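User: I'd like a close look at one part of this protein, please. Could you walk me through it and then set it in the wider picture?

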Amino acid sequence: SLWFQVLDAQMETGTPYLLYKDHVNRKCNQKNLGTIKSSNLCCEITEYSDDKETAVCNLASIALPAFLKESNEDGKMAIDYELLHQVTQVVTNNLNSIIDVNYYPTEKTRRSNMRHRPIGIGVQGLADVFFKMGIAFHSDQAKEFNKQIFETIYHGALTMSCKLAIEQGIYETFHGSPASNGELQFDLWNIDPGQDRYDWNAMKQEIKTHGLRNSLLVAPMP
């Protein structure tokens, strides 16, 4: 009876958020640390915790409508992917810096953040983007724009995190992670993003060579 009440609530409101533990542990870049048992409140990020460390999420949100520009061809609105890529790198750098200067209520939280250096970049205003572009939320065109937006954010975050690894060193537990073996998030879902917008093969090689500064990077909210 309780389970059916949960399902009814999900269908009507989208909450409570549910995660599946096996899938979380197959698809998280922290899976080399041990069994992941928890997420943050709204399930956009899952992190490892144990009796010696308590996971902390360091979040920021990118306002997507700020990256709309008028197209020169037909006067319609278009997404400035180059600017989005640049701003994502700035956000990545800033969140990484916050880890070093933040206040930690316990030594366990400090230990977790310093070892794994996770950040979580999310977005706001995606529906506003579709509205201003005159695209139906459920359309194939909206789905394609959705993929391109988050591909750009992920690539931008990886680009800066790899650059920071060169400058400041890799995060402590990088070796053994999926990323260290050339497996990025889409690989863990058996998805091929193609090479149309970004050279993902080159990115993987850069990461295998130089590492990453952060174990987690993106955290789109439900």
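In which loop does Asn40 lie, and what surrounds this residue?

Analyst: Happy to help! Please keep in mind that this is a predicted model. Asn40 sits in the loop that runs between strand S1 (38-39) and strand S2 (46-47). Its relative accessible area is 16%, and because buried means under 20%, Asn40 counts as buried.

Now for the surroundings. The side chain of Asn40 reaches the backbone nitrogen of Glu44, with 3.1 Å between them. If you leave aside neighbours within four places in sequence, Asn40 is in contact with Ile45, Cys57 and Leu59.

Stepping back to the whole chain, there are eight helices and six strands. Their order along the sequence is α-α-β-β-β-β-β-α-α-β-α-α-α-α. Asn40 belongs to a chain of 222 residues, of which 42% are buried. Among contacts between residues at least 6 apart in sequence, 69% join residues at least 24 apart.

As for overall form, the radius of gyration is 18 Å, which agrees with the value near 17 Å for a compact globule of 222 residues. The C-alpha trace spans about 55 × 55 × 35 Å along its principal axes.

On the outside, the protein chain exposes about 12,500 Å², and carbon and sulfur atoms supply 52% of that area. Its charged side chains comprise 21 positive and 27 negative ones, and the centres of these two sets lie 6 Å apart.

Definitions and conventions:
Residues are numbered from 1 along each chain as its sequence is written. This is a predicted model: local features need pLDDT of at least 70, side-chain atom pairs count only at pLDDT 80 or more; totals for chains, interfaces and linings use all residues. Side-chain values use heavy atoms; hydrogens and water are left out. Helices (H or I, at least four residues) and strands (E, at least two) are DSSP runs, numbered from the N terminus. The radius of gyration is taken over C-alpha atoms; the globule rule is 2.2 Å times the number of residues to the power 0.38. Buried means under 20% relative accessible area, exposed over 50%, partly exposed in between (1.4 Å probe, protein chains only). Contact means heavy atoms within 4.5 Å. Accessible areas come from the Shrake-Rupley method with a 1.4 Å probe; for residues, only the protein chains shown count as cover. Lys and Arg count as positive and Asp and Glu as negative; His and the chain ends are not counted. The place of a charge is taken as NZ of Lys, CZ of Arg, CG of Asp or CD of Glu. A polar contact is a pair of N or O atoms within 3.5 Å; within protein, one must be able to donate a hydrogen and the other to accept it, and residues adjacent in sequence count only if both atoms are side-chain atoms.
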